[in-house]
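Trainee: Please take a close look with me at the salt bridges in this model, and explain each term as you come to it. I would like one connected account that I can follow residue by residue.

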Amino acid sequence: MNDEVKVLPLIPLRGLTIFPYMVLHFDVGREKSIRALEEAMLNDQKIFLVSQKDAKTEEPEVEDIFEVGTVCNIKQLLKLPGETVRVLVEGESRARIMEYTQLEPYFEAELEVLLESECVENNKCEALVRKIKDTFEEYIKLSGAMPSEALMTLDDMESPGRLSDIVSSYLMLKQDKKQELLEAFDVTKRLEELLVIVSNEIEILRLEKKIGVRVKTKIDKVQKEYYLREQMKAIQEELGEDDDEAKEINKYKTRINKAKLPKEVKEKALYELDRLKGTGGYSAEGNVIRTYLDWILDLPWNTETKDNFDIKKAREILEEEHYGLKDVKDRIIEYLAVKKMSKSLKGPILCLVGPPGVGKTSIARSVAHALNRNFVRMSLGGVRDEAEIRGHRKTYVGAIPGRIIYGMKQAKSKNPLFLLDEIDKMSNDFRGDPGDALLEVLDAEQNNTFRDHYLELEMNLSNVMFITTANTLDTIPRPLLDRMEVIDISGYTYEEKLNIAKRHLIPKQLKEHGVEDDSITFSDSSIVLIIEGYTLESGVRSLERKIGAVVRKSIADMFENDRKNVNITVNHVKKYLGPVIYTYERTDKEDKIGVVTGMAWTAYGGDTLPVEVSVMEGSGKLELTGKLGDVMKESARAGYSYVRAHAEQFKIYPEFYKDKDIHIHVPEGAVSKDGPSAGVTMVTALVSALSGRKVRHNVAMTGEITLTGRVLPIGGLKEKCLAAYRAGIDTVIIPIDNKKDMEKIPDSIKNKLKFILAANIDDVLKNALLEESL
């Protein structure tokens, strides 16, 4: 039969494909589609239904619609509330869109109606038809979703094309698969595709059934075990014996009654115990409750250690175990003294800030020893999840309390010393900010009611003594920092390092290496050489490693050369550790023009910083070199402007800024330098170079300069003065506002240096420059 051409209204369908001979109803709500229905009812009740490529498209365009659909006959229309129409249609024949004749107010298209073709190979078609009927029968039995009457309908059907369309309409397929079957115009190819699809669906149904049987078997096994346990329980009751569950419940009840739990905690524990009775000990919920009860009963709700109020003994312990760190020791002694007086002082919250290796963590352990408190350490380095502090709620699988509660369990007392190490190394991500969770923990006014997410009970942390450590305050959130008492721990002087090495490091290393007697001894000069020549640090970690290396090599030397003892001298150190790695630059013994010794602070301690100024004929350029930071460059420009403004006062040629080029250089060029404290040094060097006056070689200085000539205070005075002394300086010029910081300088250094306090730059120049001119 020849294909015919028709012009019909068109409705794009969302997620729906209609086949010929298929009868179904659907709801129409889009205005265009309703208009198309109304037009179809006026003309033979024929309409063309075709699927959209994407069901989510609300207003489809021509390119959003498939080309092949089904011409349908409208059987019934029913208007529903809300401008929706329910329509019942019957598919008649396939059709392909040739062109759209109208897009508004509804779609209308010229269609090529594809009439059903006959099978060319009758035997093949017959074989395919029989196979599809058999396969589809198996599909219906496995799915159980369709009535058996569907098979009877297929048995009486002779047309292969109609059979394929009816079977296709029954299958639960994705839209793209259904569209492929609709677009298969050749009956034989359509039957082949359909057979493959039905066979695949049967395989999937078999797998689903297999999985279902396996799950049911497991459930039946659990039910059987439960039934047997109940029978066992009944038998034990008849015999007057307690089963394992009852024994466990009684054991928990005894523990709860014996433990000195707060009222709220005890009520919660008994409530959970009642739940455990009801759920059964072998269930998943029973395991969760059992773990929860263990946590409650293991925590030290009312267990505490007795503080050591012997102030003298506490001081002895601190002095014996640590050299220096006076501020920390004094604060602990103050706390003990006040608590001894008041009996009710809350635990202090201290933050020890200082460079690595100065003993922040180890002093906390010594404090716990001195106070007779249990010690718990918790490292916060890299912690980025709020739940690490507060725990997870019990609803989560594998939930546990946070590390604060875990630490309290580990401490076994409610008043331990809790060290929060590396508090400046915390970070945060999408899981929350652990710093926010610590706000409550480190607040003495709030931490008496700390609630962990897992326990959901109030834990009193007010008796805990919290000590935190950090290398810098810059990365600690401000609200958290506000809750702590900050104690700065500066780097050790070489004298302090010498005493630490003699009292602690050398005995420790000798003991670790099995040297019991005095077979290995160190001279003071050898220790000083190790400190100054082989380490560059604020703390003593590297010093301890170097001493360990010397001890090991000494032991090897003793066995190789049959020696019974070794007294380590400077020569031994050089032999064992090789050439000196670090050298401290000594100042020149000659007064020079344009060369001034400044003082600098580094992470490894103090250092001297020579500033050199050279004046050349030129056009008024100012050159700054020596890998200077922005702040230091600004300080140099401020000094340059001050000298230019006061040129006549300093007897300097007033037009120097026009015909003189000035080069300021700060050795060493490969080392980055920054900060404002070299301001007075640069002004002094500029005045010396421009006026021709020499600078005293034995003077070093530090201080920030302003455009009005004021000398502002600086930091790190202790380390700077130590470096100046080491470099052979005997006079240092410091800002007058730093007078209070002189107390921190050891008397051994302070007595060997002359200090000049400068309020303005005139005080500096008067003491640094020689009067005579060249």
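**Salt bridges and their surroundings**

Mentor: Lys-425 counts as partly exposed because its relative accessibility is 36%, and on this scale buried means under 20% relative accessible area, exposed means over 50%, and partly exposed lies in between, with a 1.4 Å probe and protein chains only. Before we go further, please keep in mind that this is a predicted model, in which local features need pLDDT of at least 70 and side-chain atom pairs count only at pLDDT 80 or more, while totals for chains, interfaces and linings use all residues. Residues are numbered from 1 along each chain as its sequence is written, and side-chain values use heavy atoms, with hydrogens and water left out.

The partner of Lys-425 is Asp-424, and their closest N and O atoms are 3.1 Å apart, which makes the pair a salt bridge, defined as a side-chain nitrogen of Lys or Arg within 4 Å of a carboxyl oxygen of Asp or Glu. Asp-424, in contrast to the partly exposed Lys-425, is buried, because its relative accessible area is 6%. Elsewhere, Glu-264, Arg-393, Arg-451, Glu-456 and Glu-458 are joined into one network by salt bridges that share partners. By this rule the count comes to 37 salt bridges, and two further pairs deserve a careful look.

In one of these pairs, the side chains of Arg-96 and Glu-112 meet with an N to O distance of 3.3 Å. Arg-96 belongs to strand β5 (residues 84-102) and Glu-112 to strand β6 (residues 107-114), so this salt bridge ties together parts that are 16 residues apart in sequence. Helices (H or I, at least four residues) and strands (E, at least two) are DSSP runs, numbered from the N terminus. Arg-96 is partly exposed, with a relative accessible area of 25%, and Glu-112 also counts as partly exposed, at 23%. In the loop between β5 and β6 we find Pro-105, which is joined to Glu-104 by a cis peptide bond with omega about 0 degrees.

In the other pair, the side chains of Glu-485 and Arg-331 form a salt bridge of 2.8 Å, N to O. Glu-485 lies in strand β13 (residues 485-488) and Arg-331 in helix α11 (residues 326-342), so here the parts tied together are 154 residues apart in sequence. The two ends sit differently with respect to the surface, for Glu-485 counts as partly exposed at 33% relative accessibility, whereas Arg-331 is buried, with a relative accessible area of 19%.

Some acidic residues belong instead to a surface patch, which takes residues with over 30% relative accessible area and no salt bridge, joining like charges within 9 Å and nonpolar side chains (Val, Leu, Ile, Met, Phe, Trp, Tyr) within 5 Å. Lys and Arg count as positive and Asp and Glu as negative, while His and the chain ends are not counted, and the place of a charge is taken as NZ of Lys, CZ of Arg, CG of Asp or CD of Glu. On these terms Glu-67, Asp-176, Glu-180, Glu-183 and Glu-193 form a negative surface patch, and one of its members, Glu-67, is placed in the loop between β3 (46-51) and β4 (68-80).

Key. Areas by Shrake-Rupley, 256 points an atom, 1.4 Å probe, with all protein chains shown as cover.
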